[in-house]
Amino acid sequence: MNLTLGFSPCPNDTFIFDALIHDKIDCHDLRFHVEYHDVETLNAKAFRGELDITKLSYHAFAYAVEDYELLDAGSALGFGVGPLLICKDAELAEELAQYIGGELPEHLRDLRVGIPGKYTTANFLLGLAFPTLQQKEELLFSEIEESLLDRRIDVGLIIHENRFTYMDKGLHKIADLGDFWEKTTGSPIPLGGIVIKRSLPDAVKKRVNALITESVRFGFANPKSGLDYIRSHAQEMDEQVMYQHIELYVNKYSENLGEIGREAIQKLFDQARALNLVPVTEKNIFLEK
């Protein structure tokens with residue numbers, strides 16, 4: 001059986017899927033046709049049901065849950081892994097940091113905010129932490145730092161490897177939105193997951209889940225095995241930063257969500273629904289065990 005598979009070119013995703021797509025584990029009769037896209041493009045493809053299996057943000061999953069269900073393997077969850085809100089001016093960073101979790105004064109509400117996509121979990125967390133920041137502009141995540149330096153935006157929401165590079169460019173942290181989530185919920189922050197079409201046979205869905213688990217385990221056991229492949233897709237990233245990125249986003253929850261991971265995701269969905277940020281559904285979120 002041939003299956004379409006979409007994930008990002010970021011090191012955490014290429015690390016997770018390296019063994020699966022390069023015949024380092026036995027996939028038997030399953031074959032995967034891979035597409036690489038940024039997370040917001042993957043989100044949009046999921047809304048259109050274009051891929052059999054795809055990475056997407058948990059925020060976006062709320063809009064695709066009628067057609068997809070969540071695998072236990074391949075997710076990005078954890079502590080200290082959340083998006084960062086940053087800006088160019090140290091004084092502005094210090095001022096904004098005082099208002100996290102509350103309303104901004106009038107003179108700060110019209111700040112231009114660069115976000116990596118409307119349906120990213122990062123944008124959902126921004127809405128929880130700074131609900132009155134509404135002047136948002138969608139940008140590729142890799143363009144946000146330069147947009148701040150060029151003053152095309154006032155504030156930027158960064159994800160992925162940019163959390164390791166923004167300080168080198170003279171930018172300043174306003175808030176760690178993952179830390180805000182962790183302190184208010186006590187749960188790891190769910191960023192992105194791997195979903196599979198509900199219409200596929202249950203046996204296939206469970207096999208895919210097991211194979212992704214095996215692929216993650218292969219990567220943990222052989223961390224240098226996919227180095228050339230991972231590097232070929234990383235954005236001008238040196239090896240140290242690349243592996244920092246992997247260590248941050250690939251962990252025990254990537255191998256298996258477990259009860260803690262599932263509870264964190266359910267909590268995110270419940271909060272989003274309580275705030276009328278996402279549609280209500282009767283569908284079960286998770287792949288049945």
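User: Which residue in S11 does Leu70 stand opposite?
Analyst: Keep in mind that this is a predicted model. Leu70 belongs to strand S4, which covers residues 68-70. S4 and S11 pair in the antiparallel sense over three bridges. Look across from Leu70 into S11 and you land on Val195.

User: S11 seems to have other partners too. What is the bridge partner of Ser57 in S11?
Analyst: Ser57 sits in strand S3, given as 53-57. S3 pairs with S11 in the antiparallel sense, over five bridges. For Ser57, the bridge partner in S11 is Gly192.

User: And what is the bridge partner of Gly78 in S11?
Analyst: Here we move to strand S5, residues 76-78. Three bridges join S5 to S11, and the two run antiparallel. The partner of Gly78 in S11 is Ile189.

User: How many of the nine residues of S11 are buried?
Analyst: We've just seen S11 pair with S3, with S4 and with S5. As for its accessibility, S11 is mostly covered. The count of buried residues, out of nine, is nine.

User: Let's hunt for empty space. What is the volume of the largest cavity?
Analyst: Rolling a probe the size of a water molecule over the atoms shows where empty space is left. A search of the whole structure turns up four cavities of 30 Å³ or more. The largest cavity has a volume of about 230 Å³.

User: Which element gives the largest share of the lining of that largest cavity?
Analyst: The lining holds 19 residues, and those nearest the centre are Val39, Ile159, His160, Leu191 and Gly192. Elements giving two or more residues are helix H1 (11-21), strand S3 (53-57), helix H5 (121-129) and strand S11 (189-197). With three residues, the largest share comes from S3.

User: What about pockets? What is the volume of the second largest pocket?
Analyst: Its lining includes His59, Tyr63, Lys118, Phe124 and Leu277. H3, H5 and S8 each supply at least two residues of that lining. The volume of the second largest pocket comes to about 240 Å³.

User: Val39 came up by the cavity. Which residue caps the N-terminal end of the helix it belongs to, H2?
Analyst: Helix H2 spans residues 39-47, and its buried residues are Val39, Glu40, Leu42, Asn43, Lys45 and Ala46. Those buried residues pack against S1, S2, S3, H3, S4 and S8. At the N-terminal end, a side-chain oxygen lies 3.1 Å from the backbone nitrogen of Glu40, and that oxygen belongs to Asp38.

User: Which residue just after H2 takes a positive phi?
Analyst: H2 covers residues 39-47, so look a little further along the chain. The phi there is about 65 degrees, and the residue is Gly49.

User: Now the open sheet of five strands. Which are its edge strands?
Analyst: The order is S8-S7-S9-S6-S10, and the pairing is mixed. An edge strand here pairs on one side only. Those edge strands are S8 (136-138) and S10 (172-176).

User: Inside that sheet, what is the bridge partner of Cys87 in S9?
Analyst: Strand S6 takes in residues 84-87 and strand S9 residues 155-158. Four bridges join these strands, which run antiparallel. Cys87 has as its partner in S9 Val155.

User: At about how many degrees to S10 does helix H7 run?
Analyst: Two helices are worth a look here. Helix H4 (residues 90-97) lies across S6, S9 and S10, running at about 15 degrees to S10. Helix H7 (residues 177-185) lies across S9 and S10, and its angle to S10 is about 25 degrees.

User: Is Ser254 buried or exposed?
Analyst: Ser254 sits in helix H11, residues 252-255. Beyond its neighbours within four places in sequence, Ser254 touches Ile16, Ala73, Gly74, Ser75, Val216 and Tyr249. A polar atom of its side chain lies 2.8 Å from the backbone oxygen of Ser75. Its relative accessibility is 0%, so Ser254 counts as buried.

User: And Ala203, buried or exposed?
Analyst: Ala203 is found in helix H8, residues 202-221. Its C-alpha atom is 51 Å from that of Asp110, 93 residues apart along the chain. The cut-off for exposed is over 50%. Because its relative accessibility is 53%, Ala203 counts as exposed.

How values were computed. Residues are numbered from 1 along each chain as its sequence is written. This is a predicted model: local features need pLDDT of at least 70, side-chain atom pairs count only at pLDDT 80 or more; totals for chains, interfaces and linings use all residues. Side-chain values use heavy atoms; hydrogens and water are left out. Buried means under 20% relative accessible area, exposed over 50%, partly exposed in between (1.4 Å probe, protein chains only). A polar contact is a pair of N or O atoms within 3.5 Å; within protein, one must be able to donate a hydrogen and the other to accept it, and residues adjacent in sequence count only if both atoms are side-chain atoms. Contact means heavy atoms within 4.5 Å. Two strands pair if DSSP finds at least two bridges between them. Axes are lines fitted to C-alpha atoms, for helices over the stretch in contact, and angles run from 0 to 180 degrees between N-to-C directions. On a 1 Å grid over the protein atoms alone, a cavity is a set of points where a 1.4 Å probe fits but cannot get out, and a pocket is an open set with protein on both sides within 12 Å along at least five of seven lines; lining residues have an atom within 4 Å of a point. Grid points are joined across faces, edges and corners, and a volume is the space filled by probe spheres set on the points.
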